[in-house]
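Hi everyone, thanks for coming. Could you pull the structure up on your screens so that we can walk through it together?

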Amino acid sequence: MKVTPLGISGFIPTSKTDSSSFLVEKNNSLFLLDAGTGVKKFLEKDMAAELSKSKKLHIFFSHLHHDHTCGLTWLLKLFKGKIFIYVPKSPLVKFEGEKIIHELTSPNMFGSSLKEWPNFGDLISYNTTELLIDGVDIKILPQKHSGGSVGIRIGKFAYITDTEPTKKHIDFIKGCDLVLMDTMFDKKDYEAVTANNKKAEHGWSIGNGIIASKAKIKQLGLIHINCFYDSHQINNLLSETRSQFKNTMIPQEGVSISVED
Ligand SMILES: [Zn+2]
Ligand SMILES: [Zn+2]
């Protein structure tokens, strides 16, 4: 299996990084996890040539906040095969995914509605925690976030974003080769946002390191990186996480990572 990060920035894209999107290739099937500004990398020649070989793209959303969906309409022009969109519904999350996707692609928001796209395959809303797509097993974990979000596991790879990872994540990611985790905050900022019993809504360095260590995963990648952090703060994020879980890295956009099947 191959995982290619397309956008690792949290909330706002920066001059160097895009907002959330990740491409996963497994058993000749292609999955896109979130469609933030990272989708723009589909424009790049090498990537476009690679994508042109695929007849289907399965798009999974962690949730539908703007930074995870703003590249969706670009796919009308950027993917020639058929697009299948999967959104979680109640009781997994509180939002009405199908309705939101139709609104985002409605003529008021965009030139052509989803059902008229020549590359539209299907829009599927699900409320189960396991799906089988083209023989690939996808596991879903409902998470706490404003409106709710879901964690997604494909084989030994897990994508955990827009939540603060908790105890239930330990079982969900157990045995994973690679886990990408929302790490929006360092220790100082996490303590500031959670003062007065407020919820963080996102992960933080030390907390994620502890979860990764307890789950005994092989490698942890930090994503949804705080867009306001400079390189010094990003390095600090890494070293704080490594104090709990040594094999931690920040993935590079456009550089594929091999994951054991
Ligand atoms: Zn986000
Ligand atoms: Zn969010």
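I'll go through the sheet, then the core, then one helix, and finish with two single residues.

Before we start, please keep in mind that this is a predicted model.

Let's begin with the sheet. It is an open sheet of 7 strands, in the order β7-β6-β5-β4-β3-β1-β16, and the pairing is mixed. At the edges sit β7 (120–126) and β16 (257–258), each of which pairs on one side only. Helix α4, residues 97–104, packs on the sheet and touches β6 (82–88) and β7. The direction of α4 makes about 135° with that of β6.

As a quick reminder, strands of a sheet pair through backbone hydrogen bonds, either parallel or antiparallel. We can see both kinds here. Strand β1, residues 2–7, pairs with β3 in the antiparallel sense over 5 bridges. β3 and β4 are antiparallel too, with 6 bridges. By contrast, β4 and strand β5 (residues 56–60) run parallel, joined by 3 bridges. If you'd like a pair to click on there, leucine 32 stands opposite isoleucine 59 in β5.

Now stay on β3 for a moment. Serine 21 of β3 is a handy landmark: it is the bridge partner of glycine 7, and it also stands opposite alanine 35 in β4. How enclosed is strand β3 by the rest of the structure? Of its 6 residues, 21 to 26, 5 are buried, so β3 is largely enclosed. The hairpin of β3 and β4 has 2 residues between the strands, and asparagine 27 there takes a positive phi near 45°.

That brings us to the core. The largest nonpolar core has 57 residues, and those with the most contacts inside it are Val24, Ile59, Phe157 and Val179. Which strand gives the most to this core? It is β4, residues 29–35, with 5 residues. As for valine 179, if we leave aside neighbours within four places in sequence, its contacts are Ala158, Ile160, Ile173, Ala212, Ile217 and Leu220.

Next, the helix. α8 spans residues 231–242, so 12 residues, and reaches 16 Å from its first C-alpha to its last, close to the 16 Å expected at 1.5 Å a residue. Its buried residues are Leu237, Glu240 and Thr241. Why do they end up on the same side of α8? Because they cover an arc of only 95° around the axis. The general rule is that an α-helix has 3.6 residues a turn, so residues three or four places apart point the same way. The face turned away from the buried side of α8 carries the exposed residues Ser231, His232, Asn235 and Ser239. What covers the buried residues includes α6 (187–193), α7 (205–215), β13 (219–223) and β15 (248–249).

Finally, our two residues. Serine 243 is in the loop between α8 and β15. With 14 other C-beta atoms within 10 Å, serine 243 counts as partly exposed. Glycine 209 is 34 residues away from serine 243 along the chain, yet their C-alpha atoms are separated by 7.5 Å.

Isoleucine 225 belongs to strand β14, residues 225–226. Is isoleucine 225 buried or exposed? It is buried, because 21 other C-beta atoms lie within 10 Å, and the cut-off for buried is 20 or more. Beyond four places in sequence, isoleucine 225 is in contact with Ile8, Ser9, Gly10, Thr183, Ile234 and Ile250. Lysine 214 is 11 residues from isoleucine 225 in sequence, and 22 Å away in space, C-alpha to C-alpha.

That's my tour, thanks for listening!

How values were computed:
Residues numbered from 1 in each chain as written. Chains lettered and ligands numbered in written order. Predicted model: local features only at pLDDT ≥ 70, side-chain atom pairs only at ≥ 80, totals over all residues. Helix = DSSP H or I, 4+ residues; strand = E, 2+ residues; numbered from the N terminus. Buried ≥ 20, exposed ≤ 12 C-beta atoms within 10 Å, placed from the backbone. Contact = placed C-beta atoms within 7 Å. Core = buried A, V, L, I, M, F, W, Y, C linked by C-beta atoms within 7 Å. Expected span 1.5 Å × (residues − 1). Arc of directions from axis to C-beta. Pairing = 2+ DSSP bridges. Axes fitted to C-alpha atoms, helices over the stretch in contact; angles between N-to-C directions.
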